[in-house]
Amino acid sequence: CMGNTAAVNRMVYGWYPRTDILNTNCIVLFGHDPRRHSWTMEYKSIRMAQARGAKLIVLDPRRSENAEMADVYLPLRAGTDAAMTLGWINVIIEEELYDKEFVKQWAHGFDEFVERVKEYPVEHVAEITGCDADLIREAARMYANSGPATIPWSPITDQQVSSTSAIRLQCYLRALFGYIDVEGGVTFV
């Protein structure tokens, strides 16, 4: 079930990173409910991070316990993770919230990527995902401004029709801020 995530991360980064939930300032859960999936340590790590002030963004059609405890809850339609991530990236690029130096040094094909992302303005993403456009913007800004942030692996993202695109876009989202191989982001252990 982790095969697609591992393969896509290796394609984008060259290795499969681990999330650093305990040291992060923002946690993004795409359809992931660690307590329900019996991932006790991850569930406790999220609660510990929140207790010290980390933000929690939950994207899930189900109103889970995590959704109830989230700073922002986006009840997106199942299978629209890729579109949602494109919407976030659109906001982040449009508002120039990304780490320009990191992108300049490490991102290849950024200008072409920007053109592709323009095809997903937030209003269009709101139609695809069924989420409020203002909440999409709020979540994107929270991710961008909280830093470092992390997106834990989710079997949900791995097991949908657009999983490869969704996982790859999550990799790109991290790369916009350099949340790669840093404390509180993802680390290569």
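At its relative accessibility, does Arg62 count as buried, partly exposed or exposed? Keep that question in mind while the tour, which runs through a predicted model, starts in the sheet and works outwards to the salt bridges, where Arg62 is taken up again.

**The sheet**

Begin by selecting the strands of the open four-stranded sheet, whose order is β4-β3-β2-β5 and whose pairing is parallel. The edges are held by β4 (72-74) and β5 (149-150), and because each has a single partner strand, one side of each is left without a neighbour in the sheet.

Next, select β2, residues 26-30, together with β3, residues 55-59: these strands run parallel and are joined by five bridges. Within this pair, Phe30 stands opposite Leu59 of β3, while Ile27 has Leu56 as its bridge partner in β3. Adding β5 to the selection shows the other pairing of β2, again in the parallel sense, over two bridges; here the bridge partner of Ile27 is Thr150.

Keep β2 on screen and show its side chains. In a regular strand the side chains alternate between the two faces of the sheet. In β2, Cys26, Val28 and Phe30 point one way, whereas Ile27 and Leu29 point the other way, and all are buried. Since five of the five residues of β2 are buried, the strand is largely enclosed by the rest of the structure.

**The nonpolar cores**

From β2, move to Ile57 and display its surroundings. Leaving aside residues up to four places away in sequence, Ile57 touches Cys26, Ile27, Val28, Leu29, Val72, Trp88, Ala139, Met142 and Tyr143. A second core, apart from the one to be selected next, has eleven residues, among them Ile27, Ala49, Val58 and Ala67.

Now select the largest nonpolar core, which has 42 residues, and in which Ile57, Trp88 and Tyr143 touch the most other members. At least two residues each come from β2, β3, β4, α4 (81-94), α6 (110-117), α7 (122-129), α8 and α10 (163-175), and of these elements α4 gives the most, with eight residues. In soluble globular proteins, nonpolar side chains tend to be buried together.

**Helix α7**

Select α7 and colour its buried residues, which are Val122, Val125, Ala126 and Thr129. These residues cover an arc of only 105° around the axis, which puts them on the same side of α7. If α4 and α8 are then added to the view, they appear as the helices against which the buried residues of α7 pack. Step past the end of α7 to Gly130, which follows the helix and has a positive phi, near 80°.

**The cysteines**

Which cysteine has the sulfur closest to that of Cys26? Select Cys26, which is buried with a relative accessible area of 0%, and then Cys131, where that closest cysteine sulfur lies, 16 Å away and therefore too far for a bond. The count of disulfides in the model is zero. Cys171 can be added to the selection as well, being buried with a relative accessible area of 0%.

**The salt bridges**

The last selections concern charged side chains, for which the count comes to eight salt bridges. Start with Asp60 and Arg62, whose side chains meet in a salt bridge at 2.8 Å, N to O. Asp60 is buried, with a relative accessible area of 1%, whereas Arg62, at 31% relative accessibility, counts as partly exposed, which settles the opening question.

Select next Glu68 and Arg63, which also meet through their side chains in a salt bridge, at 2.8 Å, N to O. In this pair Glu68 is exposed, with a relative accessible area of 51%, and Arg63, at 53% relative accessibility, likewise counts as exposed.

Finish on α8, residues 133-146, where Asp134 and Arg137 lie three residues apart, about one turn of the helix. Their side chains meet in a salt bridge of 3.2 Å, N to O, in which Asp134 is exposed, with a relative accessible area of 54%, while Arg137 counts as buried at 18% relative accessibility. Adding Glu123 to this selection completes the view, as Glu123, Asp134 and Arg137 are linked in a network of salt bridges.

Methods: Residues numbered from 1 in each chain as written. Predicted model: local features only at pLDDT ≥ 70, side-chain atom pairs only at ≥ 80, totals over all residues. Heavy atoms only, no water. Pairing = 2+ DSSP bridges. Salt bridge = Lys/Arg side-chain N within 4 Å of Asp/Glu carboxyl O. Buried < 20%, exposed > 50% of the residue type's maximum accessible area, 1.4 Å probe, protein only. Disulfide = S-S within 2.5 Å. Core = buried A, V, L, I, M, F, W, Y, C linked by side-chain atoms within 4.5 Å. Contact = heavy atoms within 4.5 Å. Arc of directions from axis to C-beta.
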